[in-house]
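User: I am new to this structure and would like a close look at one part of it. Please pick out one helix and walk me through its surroundings.

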Amino acid sequence: MQLEDLQDDANPNFVEEIVSSFYSDSARLIHNIEQALARRPVDFSKLDDYMHQFKGSSSSIGAKKVKMECSQFREYCCAGNIEGCIRTFQQLKQEHATLRRKLEAYFQLVRQTGQGETS
């Protein structure tokens, strides 16, 4: 809703563009995190950097559940707990997928009702 407030006639697809950018960035970060989790020894500093970026992106679009999982993951990184990182990362990916489905349904509805178009 807050992103919708920033959208106007000059940029009627603003929200969809921001969300699309989030998914592009987050797909890259998920890939990087998966690779980093598979490496031994685990570089918790690198994992924390990736998750810091993910958390920032999630905050920017209001993805509270994804952001919460990012925070939990970072706590496990600080503790050097690889099992906690892996478990939380699986939960993060589930929240990310759920958010994606909800947003895709939202944008489909917006397109159907013509709210994203200029008159």
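Analyst: What follows is a close look at helix α5 and the parts around it. Keep in mind that this is a predicted model.

Start with the helix itself. α5 runs over 82–113. Does its length fit its residue count, or not? At 1.5 Å a residue, its 32 residues should span 46 Å, and the end C-alpha atoms are 46 Å apart, which agrees.

Now the two ends. At the start of α5, a side-chain oxygen of N81 comes to within 3.2 Å of the backbone nitrogen of E83. Just after α5, G114 has a positive phi of about 75°.

Next, the buried residues. In α5 these are I82, G84, C85, T88, F89, L92, E95, H96, L99, L103, F107 and V110. An α-helix has 3.6 residues a turn, so residues three or four places apart point the same way. What do the buried residues of α5 pack against? Their partners are α2, α3 and α4.

That leads to the core. The largest nonpolar core has 28 residues, and I33, F54 and F73 touch the most other members. Two or more residues come from each of α2 (14–38), α3 (44–61), α4 (64–79) and α5. α2 gives the most, with 9 residues. In soluble globular proteins, nonpolar side chains tend to be buried together.

F54 shows how α5 joins in. Leaving aside neighbours within four places in sequence, F54 is in contact with L92 and H96, among others. Both L92 and H96 are buried residues of α5. The contacts of F54 also include F22, S26, L29, I30 and I33, along with V66 and C70.

F54 is one of the buried residues of α3, a group that also includes L47, Y50, M51 and I61. α3 has 18 residues and reaches 26 Å from its first C-alpha to its last, close to the 26 Å expected. At its start, a side-chain oxygen of D43 lies within 3.2 Å of the backbone nitrogen of S45. After α3 comes G62, with a positive phi near 80°.

S58 is also in α3. It is buried, with a relative accessible area of 0%. Setting aside neighbours within four places in sequence, S58 touches F22, A63, V66, K67 and C70.

Back to α5, and to charged pairs. The model has 4 salt bridges. In one of them, K93 pairs with E34, the closest N and O atoms being 2.9 Å apart. K93 lies in α5 and E34 in α2, so the pair ties together parts 59 residues apart in sequence. K93 is partly exposed, at 24% relative accessible area. E34 is partly exposed too, at 35%.

Another bridge stays inside α5. The side chains of E104 and R100 meet at 3.1 Å, N to O. They are 4 residues apart in the helix, so about one helical turn separates them. E104 is partly exposed at 43% relative accessibility, and R100 is partly exposed at 37%.

A further bridge joins two of the helices that α5 packs against. R74 pairs with D48, with the closest N and O atoms 2.7 Å apart. R74 sits in α4 and D48 in α3, 26 residues away. R74 is partly exposed at 22%. D48 counts as buried because its relative accessible area is 16%, under the 20% cut-off.

To sum up, buried residues of α5 pack against α2, α3 and α4, and K93 adds a salt bridge to E34.

Key
Residues are numbered from 1 along each chain as its sequence is written. This is a predicted model: local features need pLDDT of at least 70, side-chain atom pairs count only at pLDDT 80 or more; totals for chains, interfaces and linings use all residues. Side-chain values use heavy atoms; hydrogens and water are left out. A nonpolar core is a set of buried Ala, Val, Leu, Ile, Met, Phe, Trp, Tyr and Cys residues joined through side-chain atoms within 4.5 Å. Buried means under 20% relative accessible area, exposed over 50%, partly exposed in between (1.4 Å probe, protein chains only). Contact means heavy atoms within 4.5 Å. The expected span of a helix is 1.5 Å times one less than its number of residues. A polar contact is a pair of N or O atoms within 3.5 Å; within protein, one must be able to donate a hydrogen and the other to accept it, and residues adjacent in sequence count only if both atoms are side-chain atoms.
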